[in-house]
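The following note is offered to a colleague who is reviewing this model. The points are numbered for ease of reply.

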Amino acid sequence: MSSAGEVVAAGSPRFTLHTLGWRAFQDLCAAVLREVWGQSVQAFADSNDGGRDGAFYGTWQPPTDLSGVRDVPPGSFVLQCKHTKKADATLAPSELEDEFDKVNALVKRGVCGTYVLLTNARVTGTSEEEIRRRLSVCGVAHPLVLDGQWLSDMIATHRRLRMFVPRVYGLGDLSQILDERAYAQASVLMASAPEQVATFVVTGAYRKAARALRDHGFVLLLGDPAVGKSVIALMLAISAADNWDCLAIKARTSEELVQRWNPHEKDQFFWLDDAFGAVRHEEHLTHAWARDLPHVMSSVKNGARVVLTSRSYIYNEARPLLKPYSYPLLHEQQVTVDVADLTREERQQILYNHLAAGDQPQDLRAQMKPHLEAASDAIPFRPEAARRLGLQAFTANLAMTQQGVTTFMAQSQQLLNDLYDQLDAHAHAALALAYATARDKALPGLPNPVLFDASDRDILERAGSTPAGVSKALAALAGTFLRLNTSSNGQEYWTFHHPTLREGFAGWLTTQPHLLPMVLIGMSDQALLSRTDCLSPSSTQRQGTLLRIPPSLYEEVAHRLAALRQQRRGPLEDWRQFHERKWAVQTYLAHDSSDGFLCAYVAADPQIYEELDQFDSPASYDKLTIVLSRLHQAHLLPEEFRQRAIHRMKELAVSSPDASWIEDHDWHLLLTDTDREAMFGNVLRKLVPHLQDRVEDWAAEFSGDGDDDPVENALRLYEQAFHERQDTETALRFDWAIDSYQQIRPASEDTANDWAPNTSSLHERMSQLRQRSGGRRSLFDDIDQ
């Protein structure tokens, strides 16, 4: 067996440190110095660091091994990291001019007696001599320059360092780190997951798990699906093989663990994924664990190390059967780790690593870069979503905007589809009931306890569940897929833990024809209008849409919406609620309906044709205009009703005025060239001769914001349109009308007389932004390099 600190493979190891980001490299340097030199090195935050990436104050304690730096006088120490993304780069003194300027200031402040420069680049002997000379000229008493090879040597010779900075396993050749037996075990584990190792981030959860494994020999990793439990277990297995020469065994059951435990082999590492069931609680596995726990704890007492993983909702159901009070290790918080508990910086580093390891081209990463901090704040944050963002195969249609990137991170539809597929029938029924919440409108969820009505029982029967099974599933899903809330009157109710989980379930529902009809029946009118669409199956799903209704259910949904639109105003319903209900149906027809659904709808509600010409000005703001256009495109708008709509538009064009018919896409579809010429002729005859009187009337009626005045907007459109038609005289008349209207119209109360446009350059504005943010350097600063 090789001794600690020995490099087994021939040749000096060199890790691919250039693949790290600047912040990860800085953290690695601090960890290396703490472990190698044994000093209390402080790593500074990335803002207001005063030209220092880290510091140490006090008397330097000489390291016990020869790899350290011994002859350093007492005083203050400054650590500065210089990272490059280029492989095999060589650092030149000319690249440090800014650093030399900062050193002068640090020396004058008395905080820089020793200056340590760490870099992942190569440093030639000549360059090192020049750098040290320049630092001495600045007043540094003891300058040190440590290059990438020095860092690689320290990583290779310090096992404990590799356990708490485990990503180094993905940066180099394991054969240069581990002895032959440990390498044989770890290489099998790594072969199945090289990407997980290369992108791994040391989180608080990992550190807690590593301490629990070191101090107690046992750790239970809990978390939602796809949050990284197995990756942490993998890294613990590799670290155990490296640090304690453990023989790593990936067992499948508690029985297999007991069978393979050898009391004469002290250093064994057992790793069991999904200990109590992969996607649902499997009672036979939990009963086996309850039976085998005395043997498992005996193995731990005798030096074995055990890591279990489980989804939280499964463990919640399994825990009562494990008799945890009989086995204190399971009950103590120090061995139970919530993997999903991540800091903001950890989320950013996870996202950075996946992007750096992915195949996105440099220009695309540059487009993403301004939005990545917001993306790391996405809720829920799942490493799997970060992985997909780094791969071109998943981002072909991604909008490179903040909303586009953050939505991608928060809504990983296919991932959720896979998870919902794997749940059992009781969980499916529970989620379907939580989704179909059409009970008391004051209660935005599924009441707890559930009082099953006929519709509920229909859902249970179709899902293959029972009331008892659903009640059990609701409790097991609490805290993961579902959340138990309390209303203002004390009534408990179930809702999805996060909207994206509800969206994922809705997407999955479209693949479950046996459930979908009953879920629709149990869905409230508001939910039907806000959570579903009836677009064609091949069309892109509009943002915020949760459920796509298949054509087989169009007729049923059409009759329901028709009844809702035709419903008379109730005695207790105010006008606002009445119009909002009708507007909601119009919006659905305008934006959420395929040609097939529109056909089903007009068959169920032919009376809607009588209302299509009742749009208001500006017509481009009215949903009826879009409904008219959609029906016309689908060949469902009779010519009589198209002409009635055109007549209404002619009236508004003159009276409002309303120029929607000029620029609006929907009116472009509704009007023929002949219709459009007739509209211009109507404006010339009925509006232009009376412009002066109309301008005075419009100005007198003005109330609102001058920045979005529909009258002024229409006058400008008319001026532009007649100018393009080379009717200069009419264009000038509208130009006069604009000036006259602005002079007569009352000034908006919100208009600030002292407002002036910001004419500063982009460079100045960015500089101002950096000053306001404290000069903070984004972790994603070099993601596009």
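1. A residue is called buried when its relative accessible area is under 20%. By that criterion, helix 20 (residues 425–435) is mostly covered, with 9 of its 11 residues buried. The buried residues are Ala427, His428, Ala429, Ala430, Leu431, Ala432, Leu433, Ala434 and Tyr435. Please bear in mind throughout that the model is predicted.

2. The sheet to be examined comprises 5 strands, and it is open, with the order 7-8-9-6-10 and parallel pairing. Strand 7 (247–250) and strand 10 (336–338) form the edges, each pairing on one side only. On average, neighbouring strands of this sheet are turned by 20° against each other, direction ignored.

3. At one edge, strand 10 pairs with strand 6 (residues 218–223) in the parallel sense, over 3 bridges. Within this pairing, Leu221 has Val337 of strand 10 as its bridge partner.

4. Two helices that contact these strands deserve attention. Helix 8 (residues 204–216) lies across strand 6, strand 8 (268–272), strand 9 (305–311) and strand 10, and it runs at about 155° to strand 6. Helix 11 (residues 283–301) also packs on the sheet, where it touches strand 6, strand 8 and strand 9. The direction of helix 11 makes about 145° with that of strand 9.

5. Which residues touch the most other members of the largest nonpolar core? In this core of 159 residues, they are Leu236, Phe269, Trp289, Phe597, Trp661 and Trp667. The surroundings of Leu236 can be listed in detail: leaving aside neighbours within four places in sequence, Leu236 is in contact with Tyr206, Ala209, Ala210, Leu213, Val219, Phe269 and Val307. A second core, separate from the largest, has 24 residues, among them Leu372, Val405, Leu779 and Ile783.

6. The last point concerns a helix pair. Two packed helices are described by the angle between their axes and the distance between the axes. For helix 33 (residues 673–686) and helix 35 (residues 710–724), the angle is about 115° and the axes are 13 Å apart. Angles of 65 to 115 degrees count as roughly perpendicular, and the two helices are therefore roughly perpendicular to each other. The crossing of helix 33 and helix 35 is left-handed. At their interface, Phe680, Val683 and Leu684 of helix 33 meet Tyr718, Ala721 and Phe722 of helix 35.

Notes
Residues numbered from 1 in each chain as written. Predicted model: local features only at pLDDT ≥ 70, side-chain atom pairs only at ≥ 80, totals over all residues. Heavy atoms only, no water. Pairing = 2+ DSSP bridges. Helix = DSSP H or I, 4+ residues; strand = E, 2+ residues; numbered from the N terminus. Axes fitted to C-alpha atoms, helices over the stretch in contact; angles between N-to-C directions. Contact = heavy atoms within 4.5 Å. Core = buried A, V, L, I, M, F, W, Y, C linked by side-chain atoms within 4.5 Å. Buried < 20%, exposed > 50% of the residue type's maximum accessible area, 1.4 Å probe, protein only. Parallel < 35°, antiparallel > 145°, perpendicular 65-115°, else oblique. Left-handed = near helix turned anticlockwise from the far one by under 90°.
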